[in-house]
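Subject: Structure handover

Hello,

Here is the structure I promised to pass on. Please open it beside this message, as the notes below go through it place by place.

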Amino acid sequence: MDQQEQQNQTSREDYHLTPTAPRLLSREVLFCFPFRSLDLSPMAGLSALNRPSAAASVAPPGLASRLVLLLTALPLFLSIFAFVLQWRGGTDDPVSRWPAESQKFPGMDNSPLGSSISSSTSGRSSSSSSDCVEILGQSSSPSFPYYRGWKFNFDLDPHPKISIVSTTSASLEQILPWLFYHKVIGVTQFLLFVEGKAAKSHSSAILESIPGVKVIHRTKDLEEKQAQSRIWNETWLAGFFYKPCNYELFVKQSLNMEMAIVMARESGMDWIIHLDTDELMHPAGAGEYSLRRLLLDVSSDVDMVIFPNYESCIERDDIKDPFSEVSMFKKNYDHLPKDTYFGMYKEATRGNPNYFLTYGNGKSAARIQDHLRPNGAHRWHNYMKIPKEVKLDEAAVLHFTYTKFSDLTSRRDRCGCKPTKDDVKRCFMLDFDRAPSHEPPWLEPWSTQQCFISSLLFV
């Protein structure tokens with residue numbers, strides 16, 4: 001009987017030690033982004049330090065009373081000591097050095113709110129760049145802390161100069177860390193074609209106050225200029241014309257990329273990249289973690305550099321800040337051994353229609369030159385020649401796709417398409433986008449939430 005019980009116990013232990021499919025998959029197909037926040041503070045081991053040992057549990061009463069007295073008196077003494085130092089002016093409180101509440105927020109000079117600011121601040125410097133640094137320096141975001149005084153020396157002549165163009169309707173909470181990250185890795189210029197939240201007056205004013213950022217609103221004048229574009233003569237894009245939602249966005253991105261080529265060239269840029277605000281460049285393989293260094297090492301006869309995309313894999317359904325909380329990505333098949341890709345395809349897709357939920361052809365950086373043109377949102381081309389391109393073995397684009405349940409519902413709701421199979425097919429390109437968009441109303445939001453959990457969550 002004891003032998004049978006021991007065998008049962010062993011089988012239970014084997015079951016618990018057997019890795020689940022996603023965990024087995026993570027060692028083969030998944031990539032872990034090295035920016036995951038780790039708790040390295042002394043508090044990380046506090047629970048272990050506070051566990052009473054066996055000796056402590058039998059400590060003599062006299063020692064216990066002295067310990068209680070010490071723990072009571074020590075905080076009191078420290079409080080009094082801090083009060084005395086502050087009263088005598090012996091401490092340097094960082095808060096006291098921050099801008100006063102009456103300081104103008106970046107971009108308020110031309111806004112109606114600017115008139116309500118006290119005239120006593122009129123003598124201060126009105127430099128928009130310094131204002132932005134002050135405000136960003138007060139951010140309490142745990143993921144991308146905009147430390148007070150973070151600066152980039154724009155007087156230097158960086159080489160090569162990199163421009164990123166993006167069509168975005170995201171909020172400042174998403175755009176600002178995205179900008180900060182790419183500035184750190186060497187991007188010089190940002191051309192933001194804004195709509196939605198990003199186009200609101202207070203958001204665009206803050207963005208315009210950041211050095212290197214140019215905000216372009218979708219005005220009537222812009223639409224008239226783009227109506228004359230030669231993009232409308234491209235036969236490869238004709239299937240996207242005059243269709244709603246994702247198709248319309250794809251055409252807008254191509255038109256904006258065409259205008260961005262001219263703007264970037266006039267600004268003296270060397271390279272241009274089209275990137276969404278839910279994507280981060282990952283310049284792995286360079287001598288340093290720098291996109292500028294990576295492109296500097298590219299041969300001068302190369303016209304375009306291909307960055308395969310990695311797709312985020314979430315492990316929780318309560319993600320708040322994707323850039324800091326998500327660190328696991330599904331590798332692109334270009335960066336996988338073929339036997340691994342095909343051997344684990346079923347585990348990697350987890351019942352979804354394709355290996356990736358969204359696109360799988362990566363993004364690209366193009367050397368700015370004569371006759372350059374966009375070739376969709378992911379590639380560039382040239383009217384006069386076939387560009388020479390290289391695909392990088394390590395560098396990638398990290399795509400933070402569907403990291404929150406709201407990402408799924410907002411993409412569905414922004415189009416206003418009817419929940420019918422034909423209308424959804426007319427609005428969306430991808431099978432995964434279509435799946436939660438034609439459910440009967442009485443199943444919402446339960447069915448969409450179940451779709452999110454079963455298709456996206458790696459647990």
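**A cis proline**

Pro160 sits in the loop that runs between α6 (128–136) and β2 (162–168). The peptide bond from His159 to Pro160 is cis. Its omega is near -5 degrees. Keep in mind throughout that this is a predicted model.

**The protein overall**

The protein has 18 helices and 14 strands. It counts 459 residues, and 42% of them are buried. The accessible surface is about 26200 Å². Carbon and sulfur atoms account for 56% of that surface.

How much of the contact set joins residues at least 24 apart? Take the contacts between residues at least 6 apart in sequence: 72% of them do.

**Asn256, in a helix**

Asn256 belongs to helix α10, which covers residues 246–266. Is Asn256 buried or exposed? Its relative accessibility is 2%, so Asn256 counts as buried, the cut-off being under 20%.

Which side chain does the side chain of Asn256 meet in a polar contact? The partner is the side chain of Thr167, at 2.9 Å. Thr167 is also on the list of residues that Asn256 touches. The others on that list are Val165, Phe193, Arg218 and Gln226. Residues up to four places away in sequence are not counted there.

**Trp236, in the loop before α10**

Trp236 is found in the loop between α9 (220–227) and α10. Trp236 counts as partly exposed because its relative accessibility is 29%, which falls between the 20% and 50% cut-offs.

The side chain of Trp236 makes a polar contact with the side chain of Glu234, at 2.9 Å. Setting aside residues up to four places away in sequence, Trp236 touches Phe250, Ser254, Arg373, Pro374, Asn375 and Gly376. Take Gly376 from that list. Trp236 and Gly376 are 140 residues apart in sequence. Their C-alpha atoms are 9.1 Å apart in space.

**His371 and its backbone**

Where is His371? The residue is in the loop between β10 and β11 (372–374). Its phi is near 65 degrees. That is a positive value in a residue other than glycine. His371 has 44% relative accessibility, so His371 counts as partly exposed.

**The second largest cavity**

How many cavities of 30 Å³ or more does the count give? The count comes to 5. The second largest cavity holds about 50 Å³ of space. Two elements give two or more residues to its lining: β10 (363–367) and β12 (380–382). β12 gives the most, with 3 residues.

Here is the lining of the second largest cavity in full:

- Asp303 and Met304
- Ala366, Arg367, Gln369 and Leu372
- Trp380, His381 and Asn382
- Lys385 and Pro387

By class, this lining has 5 nonpolar, 3 polar and 3 charged residues.

**Two more loop residues**

Glu288 lies in the loop between β6 (279–282) and α11 (291–296). Glu288 is partly exposed because its relative accessible area is 47%, under the 50% cut-off for exposed. Leaving aside neighbours within four places in sequence, Glu288 is in contact with Pro283 and Arg293. Glu288 and Ile185 are 103 residues apart along the chain. Their C-alpha atoms are separated by 9.4 Å.

Ile210 lies in the loop between α8 (201–208) and β4 (213–217). Is Ile210 buried or exposed? Its relative accessibility is 4%, so Ile210 counts as buried. Ile210 and Leu179 are 31 residues apart along the chain. Their C-alpha atoms are separated by 9.5 Å.

**To look up in the viewer**

- The cis peptide bond from His159 to Pro160.
- The polar contact between the side chains of Asn256 and Thr167.
- The polar contact between the side chains of Trp236 and Glu234.
- The positive phi of His371.
- The lining of the second largest cavity, to which β12 gives the most.

Best wishes

How values were computed: Residues numbered from 1 in each chain as written. Predicted model: local features only at pLDDT ≥ 70, side-chain atom pairs only at ≥ 80, totals over all residues. Heavy atoms only, no water. Helix = DSSP H or I, 4+ residues; strand = E, 2+ residues; numbered from the N terminus. Buried < 20%, exposed > 50% of the residue type's maximum accessible area, 1.4 Å probe, protein only. Contact = heavy atoms within 4.5 Å. Areas by Shrake-Rupley, 256 points an atom, 1.4 Å probe, with all protein chains shown as cover. Polar contact = N/O pair within 3.5 Å; in protein donor to acceptor, adjacent residues only side chain to side chain. 1 Å grid on protein atoms, 1.4 Å probe; cavity = no way out; pocket = protein on both sides within 12 Å on 5 of 7 lines; lining within 4 Å. Points joined across faces, edges and corners; volume = space filled by probe spheres on them. Nonpolar A, V, L, I, M, F, W, Y, C, P; charged D, E, K, R; others polar.
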